[in-house]
Amino acid sequence: MEWEMVVAIAVATPVILLPVAFVWYLNLAGLYAAVTEARKARKGAKATA
């Protein structure tokens, strides 16, 4: 493989992977927040019942 191709792959990989990682982070953070809210709601419902 020519060195130009190696440099192109080395530059393109972070450009492609960083937005993907950011979207995964947003999805996981949203999922964590939803689970936390559901646990709080369930705990509050048990306490009043």
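This is a short tour of a predicted protein model, moving from the whole chain to two residues at its beginning. Residues are numbered from 1 along each chain as its sequence is written. Because the model is predicted, local features need pLDDT of at least 70 and side-chain atom pairs count only at pLDDT 80 or more, while totals for chains, interfaces and linings use all residues, and side-chain values use heavy atoms, with hydrogens and water left out.

Begin with the whole protein, whose secondary structure comes to one helix and zero strands (DSSP runs of H or I with at least four residues, and of E with at least two). Its C-alpha atoms fill a box of roughly 70 × 15 × 5 Å along the principal axes, and of its 49 residues 0% are buried (under 20% relative accessible area; exposed is over 50%, partly exposed in between, with a 1.4 Å probe and protein chains only).

Next, select Trp-3, which lies in helix 1, the run of residues 3-48. Trp-3 counts as exposed because its relative accessible area is 61%.

Then add Glu-4, also a part of helix 1, and look at the side chains, where a polar contact of 3.2 Å joins Glu-4 and Trp-3 (a pair of N or O atoms within 3.5 Å; within protein, one must be able to donate a hydrogen and the other to accept it, and residues adjacent in sequence count only if both atoms are side-chain atoms). Glu-4 is partly exposed, with a relative accessible area of 42%.

Finally, keep Glu-4 selected and go to Thr-36, 32 residues apart along the chain, where the two C-alpha atoms are separated by 48 Å.
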